[in-house]
Amino acid sequence: ASDVQIVSYAFTAFGKSLIKKKKLHPDIFVQLALQLAYYKFHGRPGSCYETATTRRFYHGRTETMRPCTVEAVEWCRAMLDPAVSNVKRQQLMMKSFAKHHKLMTDCQNGRGFDRHLLGLMLIATEEGLPVPELYLDAAFTKSGGGGNFVLSTSLVGYTTVLGAVLPMVHNGYGFFYRIRDDRIVVACSAWKSCPETDAEELYKGLVQSFHEMIMLTTVAQL
């Protein structure tokens, strides 16, 4: 427990009301802001797990939604490139929103793939079969496969409930958040023994990302 760094803050500049007024999805707004914050702090994309619920199915629980999309990475790079116009950044941001929404809808409708892959791996292990090469591939691990996501996240709801979660990996973060009409409350964790992570700095970057994203919506309306 002494190795755990946990920061919990309420961002009160705005919340769900303003985000929805801008015709943006509040959950995707937070997830893309986190992608941008991670990219700024670490200089690379962050493989990310977001909980997708499959409760519309009998005995359905969760599926893995992966917010670190090609579209999100392209947008993050544009945000850090001074040569890219705000109009272009806004267009790329909206493409990222659309891709995230599609993937989340797919996962909720049973069209995800991570639980399927997990099932195949468990069957191979239980039956004493060779584990397929996919699971041993470095790219699979780097993408977050096998429980190696550097960002482990979940929206705990649009209520007053909040918890915290530990990072999946030593150089990762745990990130739980709730979204209210007038605020976004975050609980972010990291391991103190990891020299490259810092939950406090990631949160500061998140706040900066929130403001930058809202400003982009204003640019679009000019």
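**Figure 1. Span and buried face of helix H4 in the predicted model.** Helix H4 comprises 23 residues, which at 1.5 Å a residue should span 33 Å, and because its end C-alpha atoms are 33 Å apart, the expected and modelled values agree. The buried residues of H4 are Arg89, Gln90, Leu92, Met93, Ser96, Phe97, His100, Met104, Asp106 and Cys107, a list in which polar and charged side chains such as Arg89 and Asp106 appear beside nonpolar ones such as Leu92 and Phe97. An α-helix has 3.6 residues a turn, so residues three or four places apart point the same way. H4 is followed by glycine 110, whose phi is positive, near 80°.

**Figure 2. The largest nonpolar core and the elements that contribute to it.** This core holds 46 residues, and among these Phe29, Trp75, Leu206 and Phe210 touch the most other members. Two or more residues each come from strand S1 (4-11), helix H2 (26-42), helix H3 (70-80), helix H4 (86-108), strand S5 (173-180), strand S6 (183-191) and helix H7 (199-221), with H2 giving the most, ten residues. In soluble globular proteins, nonpolar side chains tend to be buried together.

**Figure 3. Surroundings of phenylalanine 29.** Once neighbours within four places in sequence are set aside, phenylalanine 29 is in contact with Phe14, Ile19, Leu24, Phe97, Phe210, Met213 and Ile214. One of these partners, Phe97, is a buried residue of H4, and another, Phe210, is, like Phe29, among the residues that touch the most other members of the core.

**Figure 4. Serine 154 in strand S4.** Serine 154 lies in strand S4, which runs over residues 151-157, and its relative accessibility is 12%, so that it counts as buried, the limit being under 20%. The side chains of serine 154 and threonine 51 are joined by a polar contact of 3.3 Å. Neighbours within four places in sequence again left aside, the residues in contact with serine 154 are Thr51, Phe175, Phe176 and Tyr177.

**Figure 5. Positive phi at lysine 23 and histidine 59, two residues other than glycine.** Lysine 23 is placed in the loop between helix H1 (16-21) and H2, where its phi is near 65°; its relative accessible area is 73%, and because this is over 50% the residue is exposed. Histidine 59, in the loop between strand S2 (48-53) and strand S3 (62-65), likewise has a phi near 65°, and at 66% relative accessibility histidine 59 counts as exposed.

Notes: Residues are numbered from 1 along each chain as its sequence is written. This is a predicted model: local features need pLDDT of at least 70, side-chain atom pairs count only at pLDDT 80 or more; totals for chains, interfaces and linings use all residues. Side-chain values use heavy atoms; hydrogens and water are left out. A nonpolar core is a set of buried Ala, Val, Leu, Ile, Met, Phe, Trp, Tyr and Cys residues joined through side-chain atoms within 4.5 Å. Buried means under 20% relative accessible area, exposed over 50%, partly exposed in between (1.4 Å probe, protein chains only). Helices (H or I, at least four residues) and strands (E, at least two) are DSSP runs, numbered from the N terminus. Contact means heavy atoms within 4.5 Å. The expected span of a helix is 1.5 Å times one less than its number of residues. A polar contact is a pair of N or O atoms within 3.5 Å; within protein, one must be able to donate a hydrogen and the other to accept it, and residues adjacent in sequence count only if both atoms are side-chain atoms.
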